[in-house]
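Trainee: I am new to this structure and would be grateful for a close look at a single part of it. Please choose one pairing of strands, describe it with care, and then set it beside the remaining features.

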Amino acid sequence: MIRLEKVTKIYPDGTEAVGGVSFEVQKGELCVLLGPSGCGKTTTMKMINRLISATSGKIYIDGTDNTSIDENELRRNIGYAIQDIGLFPHMTVAENIGTVPALKGWSKVKRRKRAKELLELLRMHPDVFIDKYPRELSGGQRQRVGVARALGGDPPIMLMDEPFGAIDPITRVELQNEFLKIQQEIRKTIIFVTHDIYEAIKMGHRIALMKEGHLVQYAPPADLLYRPKDEFVADFAGADRGLKGLQLIRTEDVMWKSPPAAKPDEDVKAARKRMEQEGIDWLVVIDDEGRFAGWAVSSDLEGGRKVKEIMNTSALTAPSANATLSEALSVMLTSGLNVLAIVDQDNRLEGVLTFQAIQDALRETAQEASVRMRRITPLREESP
Ligand SMILES: Nc1ncnc2c1ncn2[C@@H]1O[C@H](COP(=O)(O)OP(=O)(O)OP(=O)(O)O)[C@@H](O)[C@H]1O
Ligand SMILES: [Mg+2]
């Protein structure tokens, strides 16, 4: 757990980069520091692992004042992915990733194995990259090695300063999804800096929105969108906050997990009957191995006797139940149907997402945010 109490940083030239910031990050949570350039995000982060000393205020790591923790100890337990990447130029990718593991006394074999695992995780072929030097990599590749290095020693706490900032949008979405997936298992306590509100909403349990060195609102993403504290937060959430809300919701939480289905060899008559029973105009067609084969749509049923003769096989599928509704909706719109099959890497059906379900989920999220705020507000007023 990380707690900041009235933390202030005034640089020697008199710049107050951070002024009286307090917030707390629970164990296993991902907190996003969000705000415009120069608002103090990096400074806040660097005070946590004492790369910068606070002018006043206290920072506690698991209840211990961080000024009383040995600096090396602090760096070993806190992984840090630096904004400007900062790889050691004279070290290979493997050596960079193995920096903290080496300090921890891991053998060379174990360090190399760890480097391979992490490169794979970050979608870089170990065989191609493991022995390269930073100057032989692109900016986005260097950045990913930076993230791998921060994860290297398996620290319980991670500070990540715009870790995906230099990476193209497609790889970036993949890495975000991958990162969220592993975070569900490894449950590290993370502070993650970005100035991209879409990324913030998608990644954060809570968002700390900063402005000119001050904390404006610290809340779950839905509250930031639907219950902005003031004009500045509302502007940051923007007029398209309904669309941004799609980033909050994961496909697997909304999809229909055992949807009405048909087999390719089934009679069209039976399919029609099932549609009538369910009150819908589609069935998802899956083969004997559970793989997605296409859609049977009511308007096409006249065209043949068997489902396989009439089914639409050209529909797009969404790659992963872990994608956000925003990513899934974007595929649905391109595909031209108001249903979308969600499949795993082997094209096995994981569920079906309907347009209606997306609308319902958005409405619920907005309502939940306002109910939660109504519950919290009176408590806050009572407290001294
Ligand atoms: N060493 C320094 N000496 C004086 N002022 C500094 C120093 N480092 C940063 N600042 C100032 O402190 C403020 C906060 O800087 P910081 O790097 O924390 O911002 P940031 O929110 O991370 O911005 P960005 O999104 O651009 O990375 C800025 O006004 C910056 O100019
Ligand atoms: Mg910064």
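Mentor: Let us begin with one pair of residues: Ile 207 stands opposite Ala 219, a residue of strand β10. Please keep in mind throughout that this is a predicted model. The two residues belong to a pairing in which strand β9, residues 206-211, runs antiparallel to strand β10, residues 214-219, and 5 bridges join the strands. Strands of a sheet pair through backbone hydrogen bonds, in either a parallel or an antiparallel arrangement. Between β9 and β10 the hairpin has 2 residues, and in this hairpin Glu 212 takes a positive phi near 45°. When you follow either strand by eye, remember that in a regular strand the side chains alternate between the two faces of the sheet.

A second antiparallel pairing may be set beside this one. Strand β15, residues 339-343, pairs with β16 in the antiparallel sense, again with 5 bridges. Here Val 339 is the residue that stands opposite Thr 354 of β16. These strands form part of an open sheet of 3 strands, in the order β14-β15-β16, whose pairing is mixed. At its edges are β14 (317-318) and β16 (349-354), each of which pairs on one side only. Helix α16, residues 325-335, packs on this sheet and touches β14, β15 and β16, and its direction makes about 125° with that of β15.

The wider arrangement comes next. The protein is divided into domain 1, covering 2-240, and domain 2, covering 252-359. Their C-alpha centres lie 39 Å apart. The contact between them takes 5 residues from domain 1 and 5 residues from domain 2. On the side of domain 1 that touches domain 2, helix α8 (residues 169-186) gives the most, with 4 residues. By class, that side of domain 1 has 2 nonpolar, 1 polar and 2 charged residues.

The surroundings of ligand 1 complete the description. There are 13 residues around ligand 1, and those that come nearest are Tyr 11, Ala 17, Ser 37, Thr 42 and Thr 43. Helix α1, residues 41-48, supplies the largest share of this shell, namely 3 residues. Divided by class, the shell around ligand 1 has 8 polar, 3 nonpolar and 2 charged residues.

To return to the part you asked about, the point to locate on the model is the hairpin of β9 and β10, with Glu 212 and its positive phi.

Notes: Residues numbered from 1 in each chain as written. Chains lettered and ligands numbered in written order. Predicted model: local features only at pLDDT ≥ 70, side-chain atom pairs only at ≥ 80, totals over all residues. Near = placed C-beta within 6 Å. Nonpolar A, V, L, I, M, F, W, Y, C, P; charged D, E, K, R; others polar. Pairing = 2+ DSSP bridges. Domains from an automatic or database assignment. Contact = placed C-beta atoms within 7 Å. Axes fitted to C-alpha atoms, helices over the stretch in contact; angles between N-to-C directions.
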